[in-house]
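Got your viewer ready? Load the model and follow along, one selection at a time.

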Amino acid sequence: MSLITNLPTLFNQFSEARQKGFVTVMELKEQGIPLVGTYCTFMPQEIALAAGAVVVSLCSTSDETIEEAEKDLPRNLCPLIKSSYGFGKTDKCPYFYFSDLVVGETTCDGKKKMYEYMAEFKAVHVMQLPNSVDDPASRALWKAEILRLQQAIENRFGKPVSETALREAIILKNRERRALANFYRTGQLNPPALSGSDILKVVYGATFRFDKEVLIDELDEMTGHVHQAWQEGKRLDSRPRILITGCPIGGAAEKVVRAIEENGGWVVGFENCTGAKATEHCVEETGDVYDALVNKYLAIGCSCISPNDQRLTLLSQMVEEYQADGVVDVILQACHTYAVESLAIKRHVRQRHDIPYIAIETDYSTSDVGQLATRVAAFIEML
């Protein structure tokens, strides 16, 4: 069977990477390789990689452990925070269990306080994120936080991070980012080559593939074959093209993508942390390494940053490049910064690009699946 006809199987393999990765992290631990767990794209992975560690994305996108988390945390808290804490508390996430250090970040007050409780049963290092990105004081703070993270990792694992190792890690991560971006940009093809569900399987699953050289080769090969298949006429039908923005998509939140594609649309792009936010910008490979890391990570258009011009810039770029017919803003319940920012996004999308916008507030349960389908179907029908 050719790789082109076998592409759906490959996408499913990426979808299953989270489960299969459990065995891999156990093998890494047996080899004495340190593991650093993370929840957020603000965490500069290059520092950990330069210390010889493997970075693992921790479980945080299921309602499986939320009931246990609510014994310690408020019920009216973001499901991502409760899920993160619940998986850690119950040891139901092997990635968390095997992590030697968890790196958190102050992207919201709920996370910040949750990490205090998590530190009672796990080694946690919290990076203090500035509230803005342009002024010298904010940039100085983030550079100091990157250096403080490096010192914490060096002390934890007993291995100094050399500038040479850091530059090598930067180059490797950049290659991974470019490979991921080249793959998810297949969503720009019109008519689409892939469903948004298949794109998400690969992009989300890639975070659980730890051999980056193998991952890069697989992504490049898949991207090439997707384009080849499209040129040969293997294309999806023409439907309204939807761009997703807002909170991270993955795990239980994939129900939004399914609702869109089961009701007449195609998701062609993901502006959120699962997609473009994390990979569109690479780290400069020349000049001061720490200044380069500051530039890259402060370019992330997270709603915790004020003003968040980076998000508007990337959103405009993607609306045009992906030929989006509408924008769906996914907001997790009690995520206040994204909820408040939705007004600015609605104005920007409607006034700047003159296309429809809808905000969808949801959590990790299945209780709103019917309502979700009804709202999405009405939105797509309008398109």
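Start with the largest nonpolar core of this predicted model: it has 130 residues, and Phe183 and Val328 are the ones with the most contacts inside it. To see where the core draws its largest share, select helix H9, residues 163-184, which supplies nine residues.

Now zoom in on Phe183 and show what surrounds it. Setting aside neighbours within four places in sequence, you should find Phe11, Leu194, Ile199, Val202, Val203, Leu219, Met222, Thr223 and Val226 in contact with Phe183.

Next stop: a pair of strands. Select E5 (residues 241-246) together with E6 (residues 266-270). Do they run parallel or antiparallel? E5 and E6 pair in the parallel sense, over four bridges. For a landmark, pick Arg241 and look across to Trp266 in E6, which stands opposite. Then colour E6 by accessibility: five of its five residues are buried, so to speak a mostly covered strand.

Add helix H12, residues 255-261, to the selection. With H12 shown, E5, H12 and E6 make up a β-α-β unit, and its hand is right-handed.

Last, jump to helix H16 (residues 336-353) and pick out Ser342. Is Ser342 buried or exposed? Ser342 counts as buried, because its relative accessibility is 15% and the cut-off for buried is under 20%. Which residues does Ser342 touch, if you ignore those up to four places away in sequence? Show Asp329, Ile331 and Tyr357 to see these contacts.

Technical notes. Residues numbered from 1 in each chain as written. Predicted model: local features only at pLDDT ≥ 70, side-chain atom pairs only at ≥ 80, totals over all residues. Heavy atoms only, no water. Buried < 20%, exposed > 50% of the residue type's maximum accessible area, 1.4 Å probe, protein only. Helix = DSSP H or I, 4+ residues; strand = E, 2+ residues; numbered from the N terminus. Pairing = 2+ DSSP bridges. Right-handed = clockwise from strand over helix to strand, strands pointing away. Contact = heavy atoms within 4.5 Å. Core = buried A, V, L, I, M, F, W, Y, C linked by side-chain atoms within 4.5 Å.
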